[in-house]
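Student: Could you walk me through this one?

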Amino acid sequence: MRHIDKTKTTQPDFLLRFRKQNETPVNYGEMRKLENDNGEKYCKCQGTKQERDIGAFEMQLLKEQGFLCAYCNDKIPEYKKVNNQKYCKAKVEHWHPESSVFSIENKLDTDYRNMIICCMGRKAVSKSTEEVEDYGMNKKELHCDTSKKELFMTLDPREKKHINKLKYTENGQIYCIDFEDRKTLKAQYNTIKDKKATLMKYKNGKTGYFLEAKNLTDEELNLAIQHDLEFILNLNTGKLKNDRQTKWNNINSEVSNKFRQPYLLSQQKRQFLNSKISFFDNLDDKGEYEPMCMVKIFYLKQRMKRLNKE
Ligand SMILES: [Zn+2]
């Protein structure tokens with residue numbers, strides 16, 4: 001998961017105007033109807049097959065994230081062709097749930113800084129069913145925003161501190177802390193939740209829990225992040241794990257091949273690792289990041305640590 005820096009972001013003009021004009025809470029549904037002078041909607045993408053386009057609004061989010069899903073960091077293609085029709089393959093996600101009363105009262109549902117863009121969040125369970133991914137309704141594992149739905153989460157990709165806590169294993173697991181098993185993790189999380197979570201209301205009258213990072217000790221935060229990775233975002237689902245493992249293997253062979261060269265000095269090895277880190281940490285000339293690039297960056301930084309100890 002990459003850090004999404006919303007502090008440097010330029011909020012879209014149409015959105016700022018809309019929020020200014022409306023003293024009382026506005027809502028996301030109304031925002032989506034806004035049009036420019038040519039009668040074209042700013043927000044077009046719904047993440048459903050009825051909507052077949054990407055608006056200027058979604059394009060700004062995509063560019064901000066280098067065309068990666070905010071949670072799984074898989075590539076978000078702008079369009080996918082199905083039966084010669086172009087369908088958009090992105091969903092706008094509200095980190096703070098759009099339908100919470102707090103969100104509406106504080107205009108978070110139309111706050112650009114609360115919005116991130118995500119993949120469709122449906123991966124085929126096994127490779128053999130991959131062909132029917134997306135709009136075919138075969139076996140799926142839900143992840144990212146599609147798994148999170150309207151739940152509250154502690155882990156926040158806009159927080160660098162959270163992102164720096166994330167680690168990866170050679171078999172493609174994303175994790176924050178080692179945990180015994182899912183049942184124990186859930187039980188430990190519930191203990192913290194009972195003690196520290198805030199009860200939140202949704203506009204339909206239902207309630208949910210919000211475990212805010214600022215109220216947690218570092219140990220509790222780590223546990224909550226692990227919980228969110230596993231249970232809210234479901235990021236260790238088979239296909240995502242396989243893809244991360246492939247990334248790990250690729251960078252591992254690349255570095256191993258390089259380091260096998262005879263007479264390579266430690267300094268040259270360091271230079272090589274640094275150049276690779278900077279390559280994966282920057283946008284390419286199309287303005288995109290390599291999908292799941294954080295796996296490679298994590299691997300490279302580990303190699304650097306090992307090298308420095310030698
Ligand atoms: Zn995703």
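Tutor: Sure, here are a few questions and answers on packing and pairing. This is a predicted model, where local features need pLDDT of at least 70, side-chain atom pairs count only at pLDDT 80 or more, and totals for chains, interfaces and linings use all residues. Residues are numbered from 1 along each chain as its sequence is written.

Student: What share of the chain's residues counts as buried?

Tutor: Buried here takes 20 or more other C-beta atoms, placed from the backbone, within 10 Å of a residue's own. Of the 310 residues, the share that passes is 35%.

Student: How are helix 7 and helix 8 oriented to each other?

Tutor: Helices are DSSP runs of H or I with at least four residues, numbered from the N terminus. The axes of helix 7 (residues 182-196) and helix 8 (residues 218-232) come within 10 Å and cross at roughly 125 degrees, with axes fitted to C-alpha atoms over the stretch in contact and angles running from 0 to 180 degrees between N-to-C directions. Angles under 35 degrees count as roughly parallel, over 145 as roughly antiparallel, 65 to 115 as roughly perpendicular and the rest as oblique. Helix 7 and helix 8 are therefore oblique.

Student: Which residue of strand 10 stands opposite Leu-199?

Tutor: Strands are DSSP runs of E with at least two residues, and two of them pair if DSSP finds at least two bridges. Strand 9 (residues 198-201) and strand 10 (residues 207-210) pair in the antiparallel sense over four bridges. They form a hairpin with five residues between them, where Gly-205 has a positive phi of about 95 degrees. Opposite Leu-199 in strand 10 stands Tyr-209.

Technical notes: Buried ≥ 20, exposed ≤ 12 C-beta atoms within 10 Å, placed from the backbone.
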